[in-house]
Amino acid sequence: MSRLTPEQKEHFKEFGYVPVRKVFDPKEVIDPVIEEYHEVLDRLAKELFAKGKIHSTYDNLPFGERITVIYAESKEVHNSYFDFSLPLTGCKPDSPFWAGPSVFRALTSQDLLDTVEGFIGAEIYSNPVQHVRIKPPESRSPRDDKGNVMFGVTPWHQDNGVVTADADKTEMLTVWFPLMSANVQNGCLKVVPKSHRNDLLTHCPGYKGAAGLQIPEALFNPEDAVAVPLEAGDALFMHKKTIHSSLPNMSDRIRWSFDLRFNPTGQATGRGVFPGFIARSKADPVAELHNPNEWNRMWHETRASLATTGDPGFFNRWNSDAPICA
Ligand SMILES: O=C(O)CCC(=O)C(=O)O
Ligand SMILES: [Fe+2]
């Protein structure tokens, strides 16, 4: 499988991102994840059916179609059931998440870590800022009461802007890869080349009614952005200051991706309440985590503790009162 070439490293340094083809074998890394998610969807379907929110569990549909139909009929996006992360606000003892063994194996794929090593060296920490994103076609996606597609486009941001300030000096690398091909039609990412040379720009919470944090377009030139289509097995590597967003899913199939972060071990993750782990250590291989059950246990423990202690309360440094956010 692919290792980082000097040209790819140079591209990353120059432009703040680099798409790498065939980082890992999708049959080895992605197929087991998809298999695992079938079971998660099955449980969700049974739960919604029992609550009377859907008329059928749609067992016979393929994954993408099944999830699209289930989200549409239940009028809700149930992405937390699949995500290997927890809500930062309002976490409950039974908040759904999924930290299964195949997901862990994808996070720690040796082929993936070999490429990551090319960027940040051989002491690799799996930063817990990570998500699976399943985006149904916008034409059939549930909408909120303002008519916005739920979990639609990701607005412009820098990943540095969504972590706490203690990680501003962290050499955080974003790794984004699709589980099925992602292109302009179904909503791949768009990145602004060379934007990593900027400072951290102001992010506005709930800007123009959109969910989440967003950099106002007055602060950079969105016209400079380029789309990054990828096949299963490819990955996009991004600098923490690279401005990026996603396109809308205008296709008739889902857009399905993992986004992971890695940093050199010992540096702040920017989300200290969540559990990370040493994915690779050339200096101390014994410190590496290889047990998927232990990873799963750490997330369960975090959920229990957040549900008891309440919201961490310091995860967002931004305020919509900033004049640029008006
Ligand atoms: O997949 C998306 O829509 C957004 C992903 C993203 O912002 C990231 O990977 O940092
Ligand atoms: Fe991002």
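**Reading a helix pair and a ligand shell**

Me: Is the crossing of α2 and α3 left-handed or right-handed?

Reply: Happy to start there! In this predicted model, the crossing of α2 and α3 is left-handed.

Me: And how do α2 and α3 lie relative to each other, roughly parallel or roughly antiparallel?

Reply: The general idea is to look at the angle: under 35 degrees counts as roughly parallel. Here helix α2, residues 26-50, packs against helix α3, residues 63-74, at about 25°, so the two are roughly parallel to each other. Their axes are 11 Å apart.

Me: Which residues of α2 and α3 meet?

Reply: From α2 come I34, Y37, H38, L41, A45 and L48, and they meet F63, R66, I67, I70 and S74 of α3. Sorted by character, the residues of this contact are eight nonpolar, two polar and one charged.

Me: Now the ligand. Which residues surround ligand 1?

Reply: Ligand 1 has R133, T154, D159, T174, W176, H244, S246, S257 and D259 around it. Two or more residues of this shell come from each of β3 (173-178), β9 (244-246) and β10 (255-264). By character, the shell holds one nonpolar residue, five polar and three charged.

Me: How many helices and strands are in the chain?

Reply: Six helices and eleven strands.

Me: Last one: how does the radius of gyration of the chain stand against that of a compact globule?

Reply: The idea is to set the value beside what chain length would suggest. A compact globule of 326 residues would have a radius of gyration near 20 Å, and the chain has 19 Å, so the two agree. Along the principal axes, the C-alpha atoms fill a box of roughly 55 × 50 × 40 Å.

How values were computed
Residues numbered from 1 in each chain as written. Chains lettered and ligands numbered in written order. Predicted model: local features only at pLDDT ≥ 70, side-chain atom pairs only at ≥ 80, totals over all residues. Near = placed C-beta within 6 Å. Helix = DSSP H or I, 4+ residues; strand = E, 2+ residues; numbered from the N terminus. Nonpolar A, V, L, I, M, F, W, Y, C, P; charged D, E, K, R; others polar. Axes fitted to C-alpha atoms, helices over the stretch in contact; angles between N-to-C directions. Parallel < 35°, antiparallel > 145°, perpendicular 65-115°, else oblique. Left-handed = near helix turned anticlockwise from the far one by under 90°. Contact = placed C-beta atoms within 7 Å. Rg over C-alpha atoms; globule rule 2.2 N^0.38 Å.
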